[in-house]
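Let's take a friendly walk through a protein structure together. Have a look at the sequence and the 3D view first, and then read on.

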Amino acid sequence: MLDIKNITVSYGIATALWDVSLSVQDGKIVSIVGSNGAGKSTTLKTISGVVHPKSGTISLNGERIDHFPPHQIAHMGISHVPEGRKIFPYLSVVENLRMGALPIKDPKRTEKLLQSVFELFPILMERQNQAGGTLSGGQQQMLAIGRGLMSDPKILLLDEPSLGLAPIIVDAVFDVIIRLNRQGYTMLLVEQNAYRSLEVGHYAYVLETGKITLEGEASTLIDHPHVKKAYLGR
Amino acid sequence: MILQSHDLVKSFGGVTAINHLSVTVEKGMVLGIIGPNGSGKTTFFNLVTGVYAPTSGHVTFDGKNITGLRPHRITEMGIGRTFQIPAPFSKMTVLENVMVSTFIRASSLKESRKMAWKILELMRLDEKAHTQVLNVTLEDRKRLELARALGTKPSLLLLDEVMSGLTPSEVKGAIELIRSLRTGDLTIIVVEHIMDVILSLCDRIAVLDYGEKIAEDVPDQIVNNKEVIRAYLGDRYSARH
């Protein structure tokens, strides 16, 4: 459904992505593995329209989206959950969630989405009137994912959702990823926790200094000698 | 013993972030502090380094009561720290950033530069010395954060999640680097969520939950401690290891 063909992305004179092609099939979890600075976050930002490619195309169900502004891409069903959560610390939990529903024009639908997020994350309902910044790191991550779900997306772009979280919370985050996938969400997942992301992923790409160097079934890549040595640290 | 916190309490309004915490750190050891997000680990560092004054209790360092002293005084006395969210001078070079730290021990520009170079070599950052910080990778920025802390010549080094965001292979390199600091008398306290880091570096581990110490022991005992598994590691962690 999401098809990226030969994109090159530069920040000024520095090129972050060289001729990158990848595709995300409906209903799958696709993982991107790579070192820091390899271009993982740039890939997600290019898809959500925060940065635009210098060349190449991105299409969603056959329609080119690579020069659309971010809000329009959000309207089309791609939701970006950014690295570091980036919640609004002084807005309440429920206000944070409603911010995610800006593309939804029907208030009844917003309420329905809100209820389904509360169902997924009961803790957010419990704390709905609390300021976002007072939540723990794990709860803030749930809030960021919940906000991402409020635009009723088909595809979730998840950037480092387990970053800086306690082991028990990391387990909970990956549980949520699996649960959402079973509910039908398609996901593109960027993680520094390469092992866990290959474990949950169906398909995976290895990104090195802005180029795709390896791709395949995630369950195969997890045993690939290069991946083992360079990303799993074993 | 080099550091001791005695019955330390810190409240923010109605929230007790640190609740009667007593910790003793022996000279030359590496102590790990783990605990859920929001359990008080960074607050503890902020109390030790004078960012906050405690509500009650006290901290002694090297036999002196340092409770309530200003951060710069505590740095001068020999406690260095890194920050979870590093704030380097991004338009200055890597070398200049470390020189800002070494200046507190140097009497001239030349001397501070010489000291900074030594640290850059130790941190394998010498090739990046003249690069502006905004142009270095996350891995190098993490090392710079460590270099800036070392620049103040600490006898006690507090590391606050210096490895978060690194890939497992980068983490391995960083562990080696920190291990190489374990010569001489340097005492280190490590706050980290990556258990591989904690287990491979620490002599002892203290576990915080809601600002209280729920366990303190050697690594082997901690990973099997029921209370720690409940509050922090999770059942699956212990099943996997």
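## Chain A as a whole

In chain A, 46% of the 234 residues count as buried. Keep in mind as you read that this is a predicted model. Chain A is built with ten helices and ten strands. Its radius of gyration is 17 Å, close to the 17 Å that the globule rule gives for 234 residues, so chain A is as compact as a globular protein of that length.

How far does the C-alpha trace of chain A span along its principal axes? The answer is about 45 × 40 × 30 Å. We can also ask how contacts link up the sequence. Taking the contacts in chain A between residues at least 6 apart in sequence, 66% join residues at least 24 apart.

## Chain B as a whole

Now for chain B, which has ten helices and ten strands. The radius of gyration of chain B is 18 Å, close to the 18 Å expected from the globule rule for 241 residues, so this chain is as compact as a globular protein of that length. Measured out along the principal axes, its C-alpha atoms fill a box of roughly 50 × 40 × 35 Å.

Of the 241 residues in chain B, 44% count as buried. When contacts in chain B between residues at least 6 apart in sequence are considered, 63% of them join residues at least 24 apart.

## Where the two chains touch

How many residues does each chain bring to the contact? Chain B gives 23 residues and chain A gives 21 residues. On the side of chain B that touches chain A, at least two residues each come from α5 (138-150), α6 (168-179), α9 (226-233) and α10 (235-240) of chain B. The largest share of that side, five residues, is supplied by α6(B). Sorted by class, the side of chain B that touches chain A holds nine nonpolar, nine polar and five charged residues.

## A helix pair in chain A

Look next at helix α3 (residues 93-100) and helix α6 (residues 137-149) of chain A, which pack at an angle of about 35° with their axes 6 Å apart. Is the crossing of α3(A) and α6(A) left-handed or right-handed? It is right-handed.

From α3(A), the residues making this contact are A:Val93, A:Asn96, A:Leu97, A:Met99 and A:Gly100, while α6(A) offers A:Leu143, A:Gly146, A:Arg147 and A:Gly148. By class, the contact of α3(A) with α6(A) is made of four nonpolar, four polar and one charged residues.

## Helix α3 of chain B and its partners

In chain B, helix α3 (residues 94-102) packs with α5(B) at an angle of about 30°, and their axes are 7 Å apart. That makes the two helices, α3(B) and α5(B), roughly parallel. The crossing of α3(B) with α5(B) is right-handed. B:Val94, B:Asn97, B:Val98 and B:Ser101 of α3(B) make the contact with B:Leu144, B:Ala147 and B:Arg148 of α5(B). This contact of α3(B) with α5(B) has four nonpolar, two polar and one charged residues.

Helix α3(B) also packs with helix α4 (residues 109-122) of chain B, at an angle of about 115° and with their axes 8 Å apart. The crossing of α3(B) and α4(B) is right-handed. Here α3(B) contributes B:Val94, B:Leu95, B:Val98, B:Met99 and B:Thr102, and α4(B) contributes B:Ser112, B:Arg113, B:Met115, B:Ala116, B:Ile119 and B:Leu120. In the contact of α3(B) with α4(B) there are eight nonpolar, two polar and one charged residues.

## Two residues to find yourself

Try to find A:His226, which sits in helix α10 (residues 225-232) of chain A. Is A:His226 buried or exposed? A:His226 has 12 other C-beta atoms within 10 Å, so it is exposed. The C-alpha atoms of A:His226 and A:Ser55 are separated by 30 Å, and these residues are 171 residues apart along the chain.

B:Met92 lies in the loop between β6 (79-81) and α3 of chain B. With 15 other C-beta atoms within 10 Å, B:Met92 is partly exposed. Leaving out residues up to four places away in sequence, B:Met92 touches B:Asn97 and B:Val133. The C-alpha atoms of B:Met92 and B:Leu134 are separated by 8.4 Å, although these residues are 42 residues apart along the chain.

Terms used: Residues numbered from 1 in each chain as written. Chains lettered and ligands numbered in written order. Predicted model: local features only at pLDDT ≥ 70, side-chain atom pairs only at ≥ 80, totals over all residues. Helix = DSSP H or I, 4+ residues; strand = E, 2+ residues; numbered from the N terminus. Rg over C-alpha atoms; globule rule 2.2 N^0.38 Å. Buried ≥ 20, exposed ≤ 12 C-beta atoms within 10 Å, placed from the backbone. Contact = placed C-beta atoms within 7 Å. Nonpolar A, V, L, I, M, F, W, Y, C, P; charged D, E, K, R; others polar. Axes fitted to C-alpha atoms, helices over the stretch in contact; angles between N-to-C directions. Parallel < 35°, antiparallel > 145°, perpendicular 65-115°, else oblique. Left-handed = near helix turned anticlockwise from the far one by under 90°.
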